[in-house]
Amino acid sequence: KDNLPLDFKVNVYQRDDILGGHEMNFSDIVAQGKPVVLNAWAGLCPPCRAEMPDLQAVFEEFEDHVILFGLDIGVFTGLGNEEDARDLIENIGVTYPAGNTDNARVVSKYKVLGMPSTFFITPEGNSIRSWTGPLNESKLRELVTDLIAAS
């Protein structure tokens with residue numbers, strides 16, 4: 001877990017049953033022994049909204065093998081606050097784990113260059129790939145399958 005670019009506190013909006021807590025460190029999510037797909041998004045980000053149904057579909061397919069976590073960083077990108085983010089996931093019907101952090105360094109340490117951005121992290125905490133911009137379901141499935149194989 002020491003290989004993460006940055007550990008940070010997470011405030012979980014939903015699915016703390018999967019993550020094991022309402023407030024935790026990101027390293028605690030990684031420590032569960034499954035690969036992690038970290039998706040940085042925001043409530044007022046149109047490409048993020050467009051990507052969410054594809055993320056949801058892949059989450060449902062790989063839920064037993066991978067932890068998908070949607071990290072709302074809207075407050076750091078000017079693309080909405082927690083209320084906007086919660087409204088979006090409710091409107092779309094997202095059921096994968098999501099939350100935010102108060103640590104603005106996530107944006108620079110994870111090199112979030114655009115929104116959304118997705119990071120593929122092994123159970124050892126190694127980020128093996130990042131993707132800037134929205135992913136469609138087939139590409140996301142391919143990258144998740146690669147992540148599982150590398151883990």
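**Exercise 1.** In this predicted model, determine which element gives the largest share of the lining of the largest cavity.

*Solution.* The largest share, 3 residues, comes from helix H3. To place this result, begin with the cavity itself: the structure holds 1 cavity of 30 Å³ or more, and the space in the largest cavity is about 60 Å³. Next, list the lining, which consists of Val 37, Val 58, Phe 59, Phe 62, Glu 63, Val 66, Leu 68, Leu 140 and Val 144. Two elements, helix H3 (46-62) and helix H7 (137-150), each give two or more residues to this lining.

**Exercise 2.** State how many residues of this lining are nonpolar, polar and charged.

*Solution.* Assign each lining residue to its class. The division is 8 nonpolar, no polar and 1 charged.

**Exercise 3.** Val 37 is one of the lining residues. Describe the strand S3 (residues 36-41) in terms of burial and pairing.

*Solution.* First, consider burial, for which the cut-off is under 20% relative accessible area. On one side of S3 stand Val 36, Leu 38 and Ala 40, and on the other Val 37, Asn 39 and Trp 41; all are buried, and both faces are thus covered. Because 6 of the 6 residues of S3 are buried, the strand is largely enclosed by the rest of the structure.

Second, consider pairing. S3 runs parallel to strand S4 (residues 67-72), joined by 6 bridges, and Val 37 stands opposite Leu 68 in S4. With strand S6 (residues 117-121), S3 pairs in the antiparallel sense over 5 bridges; here Val 37 stands opposite Phe 120.

Finally, consider the connection: S3, H3 and S4 form a right-handed β-α-β unit.

Definitions and conventions. Residues numbered from 1 in each chain as written. Predicted model: local features only at pLDDT ≥ 70, side-chain atom pairs only at ≥ 80, totals over all residues. Heavy atoms only, no water. 1 Å grid on protein atoms, 1.4 Å probe; cavity = no way out; pocket = protein on both sides within 12 Å on 5 of 7 lines; lining within 4 Å. Points joined across faces, edges and corners; volume = space filled by probe spheres on them. Helix = DSSP H or I, 4+ residues; strand = E, 2+ residues; numbered from the N terminus. Nonpolar A, V, L, I, M, F, W, Y, C, P; charged D, E, K, R; others polar. Buried < 20%, exposed > 50% of the residue type's maximum accessible area, 1.4 Å probe, protein only. Pairing = 2+ DSSP bridges. Right-handed = clockwise from strand over helix to strand, strands pointing away.
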